[in-house]
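The exercises below ask you to read a protein model step by step, with the picture open beside the text. Try each task on your own before you turn to its solution.

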Amino acid sequence: AREPIGPAAFVLPGFALPRAEALLDAIDGVAARAPFRHLVTPGGFTMSVALTNCGALGWTSDRRGYRYSAVDPDSGVPWPAMPEAFAQLARDAAALAGFEGFAPDACLVNRYQPGSRLSLHQDRDERDHGAPIASVSLGMPAVFQFGGLARADKTVRIPLVHGDVVVWGGVDRLRFHGVLPLKDAPHPLQARLGAQRINLTFRKAA
Ligand code: MD3
Ligand code: FE
């Protein structure tokens, strides 16, 4: 099933469910080489969301700005390769949303704990705004905020649960969005993940 949330944005409810355990195995492999960390924004705030990356490019932030980097600034070595299961899922989900041939070169892995939030922002650090972004929600539920092309535009709230995939492209690619502070709530992989939400976002950064 696919539910439109914009002219070129779709929720694919439960699309990643059959692959969730395999995705978590792969995330453990990535985090063993490039541990989750809390980045500092150019404004000097430490993000409540922890992140790591895999793929040719990884998103990072420090006092000097936001950027994509080929190496993990903490270790100086390239980010872990993108697991085949990640690339395949992103490609399959994008195709269902009408974006054939999506080949992401960057995967941000965001980790939320109760209270973690992501304030309203645009994703504009990627070179090619023509490519879509696909995101996969695992673990605790969250409420996603979806706004317009101006920060002040009204936002709608979209609940996302374990296994949901969302694809954004075209005219929806630069819409403001965020995640409300996470509430501790149970989910189907509680025994494995506990009170965490993991979000994978697949991008074409270069
Ligand atoms: C909507 N992550 O990492 S899904 C991010 O759940 C980010 O962790 C959120 O926003 C999360 O930047 C939301 C990803 C997402 C990515 C790009 C978008 C949603 C988007 C671009 C346009 C509209
Ligand atoms: Fe974003």
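**Exercise 1.** Find which residues Ala134 touches, leaving out those up to four places away in sequence, and then place Ala134 in its wider surroundings.

*Solution.* Keep in mind throughout that the model is predicted. Start from Ala134 itself, which touches Ala90, Ala93, Ala94, Phe102, Val165, Val167 and Phe202 when residues up to four places away in sequence are not counted. Next, look at the largest nonpolar core, which has 43 residues, and in which Ala93, Cys107, Ala134, Val165 and Val167 touch the most other members. Then ask where the core comes from: E2, H1, E3, H2, E6, E8, E11 and E13 each supply at least two residues, and H2 gives the most, with five residues. A second, separate core has nine residues, including Ala142, Phe144, Phe146 and Val179. As a general background, nonpolar side chains tend to be buried together in soluble globular proteins.

**Exercise 2.** Work out the order of the strands in the open sheet of seven strands, and determine which strands lie at its edges.

*Solution.* Reading across the sheet, the order is E1-E2-E11-E8-E13-E6-E3, and the pairing is antiparallel. The edge strands are E1 (3-6) and E3 (50-54), each of which pairs on one side only. From one strand to the next, the twist averages 20°. Now follow the pairs one at a time, beginning with E1 and E2, which are joined by a hairpin through two residues and pair in the antiparallel sense over three bridges; here Pro4 stands opposite Phe10 in E2. Further along, E8 and E11 (residues 165-168) run antiparallel and are joined by four bridges, with Val165 in E11 as the bridge partner of Val136.

**Exercise 3.** Find which strands helix H1 and helix H2 lie across, and at about what angle each helix runs to E8.

*Solution.* Take H1 (residues 20-33) to begin with: this helix lies across E3, E6, E8 and E13, and runs at about 95° to E8. Then take H2 (residues 84-96), which lies across E2 (9-12), E6, E8, E11 and E13, and runs at about 115° to E8.

**Exercise 4.** Describe the open sheet of four strands, naming its order and its edges.

*Solution.* The order is E7-E12-E9-E10, with antiparallel pairing, and the edge strands, each pairing on one side only, are E7 (118-121) and E10 (156-160). E7 and E12 pair over two bridges, and Leu118 stands opposite Val179 in E12.

**Exercise 5.** Identify the residues that come nearest to ligand 1, and the strands that supply its shell.

*Solution.* There are 14 residues around ligand 1, of which Asn110, Ile133, Ser135, His177 and Asn199 come nearest. Moving from residues to strands, E6 (106-112), E8 (133-139), E12 (177-179) and E13 (197-203) each supply at least two residues of the shell. Sorted by class, the shell has five nonpolar, five polar and four charged residues.

**Exercise 6.** Is Ala195 buried, exposed or partly exposed, and why?

*Solution.* Locate Ala195 in the loop between helix H3 (190-193) and E13. Now count: Ala195 has 16 other C-beta atoms within 10 Å. Since a buried residue needs 20 or more and an exposed one has 12 or fewer, Ala195 is partly exposed because its count of 16 falls in between. Leaving out residues up to four places away in sequence, Ala195 touches Gln113, Pro114, Met140 and Asp184.

Note on methods
Residues numbered from 1 in each chain as written. Chains lettered and ligands numbered in written order. Predicted model: local features only at pLDDT ≥ 70, side-chain atom pairs only at ≥ 80, totals over all residues. Near = placed C-beta within 6 Å. Nonpolar A, V, L, I, M, F, W, Y, C, P; charged D, E, K, R; others polar. Pairing = 2+ DSSP bridges. Axes fitted to C-alpha atoms, helices over the stretch in contact; angles between N-to-C directions. Contact = placed C-beta atoms within 7 Å. Core = buried A, V, L, I, M, F, W, Y, C linked by C-beta atoms within 7 Å.
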